[in-house]
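Q: I'm new to this one and would like a close look at a single part, the place where the chains meet. Could you walk me through it?

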Number of protein chains: 2
Amino acid sequence: MKRTVGIIGLGLLGGSLAKGLALHPDYEVIGYARRSHIGAQAMADGVVKAAYTEARAVVEQADILVFALPPDTNARLFEELAPYIQPRTLITDVSSTKVNFARTVKQYIPMGAHFVSIHPMAGSEKGGYAMAQADLFKGCTWIVLTDESEPSWSEAGAQELVAMGEYLGGRVEQIAMKDHDGFMATVSHMPHTVAAMIATLAGGDAHGALRLRLAAGGFRDITRVAGGNPAMWREIITSNRQEVVRALSQLEEQILHIKNLLLTSDDDTLETYLKIAKTIRDDFSHL
Amino acid sequence: MKRTVGIIGLGLLGGSLAKGLALHPDYEVIGYARRSHIGAQAMADGVVKAAYTEARAVVEQADILVFALPPDTNARLFEELAPYIQPRTLITDVSSTKVNFARTVKQYIPMGAHFVSIHPMAGSEKGGYAMAQADLFKGCTWIVLTDESEPSWSEAGAQELVAMGEYLGGRVEQIAMKDHDGFMATVSHMPHTVAAMIATLAGGDAHGALRLRLAAGGFRDITRVAGGNPAMWREIITSNRQEVVRALSQLEEQILHIKNLLLTSDDDTLETYLKIAKTIRDDFSHL
């Protein structure tokens, strides 16, 4: 018998997951979307077997329950829906920060249910079901979080989600839950705030228009993510508040270091710093 | 009679200028390259009419004299060569920072010669004559610096260099000399150091390899310039030392502001900050 994948939220990530799993031989996909026309569209597209505007119906039927709304919304809904989760259910979420949702899950998860978090690193500046696509996860990093010390975590559940990531063409990585948010703060969330800061410094005063006429490809790339959706990034950054602050403090230390090198004319050490950074960046390019 | 453009240095910028002007009806291009095989290659390519391994011969013949070596090297050479510059000569340089070279020029420039600096914002992580191309400047910003209060600056010279930029397909901008280096520090040099810092924070410790496996497109773009040539960027950054320090201090203020918003949970103001940054970035995209 096919297992039922219940997707809470048919936006960019949830919708893409539904589209990507629609033809999976072992799964039957159902979904919750608050607005009925989204669910109707997903049914018309043959992407879900059934769609609901109340999440409870999805929760009660799901063998695998995927929370695919923004992190705070996921947590709010989980608390409401926990009483209806079946003991057999494998719960997961696709949020880009983990600690807050995980805290809620641990508090409310019913006995017998399992929780294994995933973070498919796919996204776009444009969200919503209309942008969702079956191959969104292809070639993207698909992180399955490990959390062996947690009773609700399950190795079998992790393996099921690893297989799901592979089926969708993702590059699967397993990372410890405790490391995830700090790592993400350093490689994504802090850099996002910095992109916004650099855009602000370049263009945010009376000389902005003139200054931006001098900006070139380096500026374009460094600030690209500052074009992202502010409401979405507010939620990502604030759901990882402490780690983003920590990463910004680490950046402040680096700035002090570089300023000190410049002010003392220690140009050899500056060049060494740039060389090491280049080595890291070049290695990353080969990933 | 054709005017002689003498190019000091046939690397990426000087070589591209030579290639781009080789067929110009009003110009004859000659060049200086320290290594004789570079000059021989440029002659074989039909890119220069004559090539020299001593800069003096170029200086003595040039109507337009282009310093196309790194900023400090340009300044050192200028001091040496100033006695041989003809009074009719229009001197320019293509450096990405201006104040240091301009200071040397003002000190040593012979009476009757003119100095109008340009900054063609083209480049590549790969330098050298072999990478030079006639269309390097096409679509790139080509800045002509204005400096009306300076006796050696010339409006006619500026117009000649504007026309040269247009001939090469550049997007010509005129910017005041006094603003240039500060603007560049904010839109390019400071961001370059930040890209190196973010690469260092992400990949520079024992968790680096693991952390970089979580890095995605945002990280790739933000850190791209950290893959640039360390020796070249050392020279660019240190030739604009004071302005880079100033821009880094401005970034520190922004970091303090964002940390404060996060620590006081002033998430609405954070979202407004991200919105303003997005507006600036979106406007820039339309340039």
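How many residues does the contact take from chain A and from chain B?

A: The contact takes 83 residues from chain A and 85 residues from chain B, where contact means heavy atoms within 4.5 Å. Keep in mind that this is a predicted model, where local features need pLDDT of at least 70, side-chain atom pairs count only at pLDDT 80 or more, and totals for chains, interfaces and linings use all residues. Residues are numbered from 1 along each chain as its sequence is written, chains are lettered from A and ligands numbered from 1 in the order in which they are written, and side-chain values use heavy atoms, with hydrogens and water left out.

So how much gets covered up? About 8,000 Å² is buried between chain A and chain B, with carbon and sulfur atoms giving 72% of that (buried area is the accessible area, with a 1.4 Å probe, that two parts lose on being put together, summed over both). On chain A's side, A:Leu214, A:Arg234 and A:Arg281 lose the most area to chain B, together 9% of what that side buries.

Charges play a part in the picture too: the rule finds 12 salt bridges across the interface of chain A and chain B (a side-chain nitrogen of Lys or Arg within 4 Å of a carboxyl oxygen of Asp or Glu). One of them pairs B:Arg234 with A:Glu271, whose closest N and O atoms are 2.6 Å apart.

Finally, a rotation of 180° with 0.0 Å of shift along its axis lays chain A over chain B, at an RMSD of 0.0 Å (superposed by least squares on the C-alpha atoms of residues with pLDDT of at least 70 in both). The two copies are thus related as by a two-fold rotation axis. In chain A, the C-alpha nearest that axis belongs to A:Ile222, 2.0 Å from it.
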